[in-house]
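Me: I am new to this structure and would like to understand the words used to describe it. Could you take me through a few of them?

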Amino acid sequence: MEKAETPLQQVQANIAKACTIARREPGEVTLVAVSKTHPAEAIRPLLVEGQRHFGENRVQEAQGKWPALREEFPAVQLHLIGQLQSNKAEDAVALFDAIHSLDRPSLVKALAKAMDKTGRRVPCFVQVDVGEEEQKGGCPIADLPALLDQAREADIPLAGLMCIPPFAIEPAPFFALLDKFARDHGLEGRSMGMSGDYETAIKLGATHVRVGTALFGERG
Ligand SMILES: *Cc1c(COP(=O)(O)O)cnc(C)c1O
């Protein structure tokens, strides 16, 4: 009898399949395992399986869980995927290896100040409000060029663009739009795709997929 695949192996296999269909190399896609709300005991098995990139949406929650796990697994790369308040910028820069939610000029200022102070220059994705839904955060499409200029002037390393498409409608057009914006602005990274749509996102150019439920099960 074959051994049952783990959720991580299933997601990795799906990523590989989507890459084959899109004529891309699996190495071009980073799987960010979104561990928000899940305790260290739920995260450790994935670390043991070899997963190294993890996403959290709250600075305080990550500060509680990750320092201890990092002592065990020093190669961990932490991604902040949730909205960031300017007054938490310094904590975020100290803890995270990438920030996916840069979305406004005041945060450019706060992050630049935090990076100058800590000496850590953390790569940032600019989150774009592709669905024009303010509650999810994200920079309005019309403001994107100016925000990118501000980030460059402030010496913030730009990893790429990020989006969260509107819920329950076909996400592909939004992924295609983010891919186009990234190309127009000469940016490498495209952080897009979650449990329900990461394969679609990969076919449309995702470099970072943020997958929670498919790896950890439903959040309580
Ligand atoms: C929670 C979250 C995810 C993961 O969503 P799943 O549907 O559980 O895979 C991805 N991106 C962001 C920004 C999130 O907040």
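Me: Why is Cys139 called buried?

Reply: This is a predicted model, in which local features need pLDDT of at least 70 and side-chain atom pairs count only at pLDDT 80 or more, while totals for chains, interfaces and linings use all residues. Residues are numbered from 1 along each chain as its sequence is written, and side-chain values use heavy atoms, with hydrogens and water left out. Buried means under 20% relative accessible area, with over 50% being exposed and partly exposed in between (1.4 Å probe, protein chains only). Cys139 has a relative accessible area of 2%, so Cys139 is buried.

Me: What makes Cys124 count as buried?

Reply: The relative accessibility of Cys124 is 0%, and therefore Cys124 counts as buried too.

Me: Why is Cys139 not bonded to the closest cysteine sulfur?

Reply: A disulfide is a pair of cysteine sulfur atoms within 2.5 Å. The closest cysteine sulfur to that of Cys139 is in Cys163, 13 Å away, which is too far for a bond. By this rule the count comes to zero disulfides. Cys124 is likewise in no disulfide, the nearest cysteine sulfur being that of Cys139 at 14 Å.

Me: Which polar contacts does the ligand have with the side chains of Lys36, Thr213 and Arg219?

Reply: A polar contact is a pair of N or O atoms within 3.5 Å; within protein, one must be able to donate a hydrogen and the other to accept it, and residues adjacent in sequence count only if both atoms are side-chain atoms. An oxygen atom of the ligand is 2.7 Å from a side-chain N or O atom of Lys36, while a polar side-chain atom of Thr213 is 2.5 Å from a ligand oxygen. For the side chain of Arg219, the distance between an N or O atom and a ligand oxygen is 2.8 Å.
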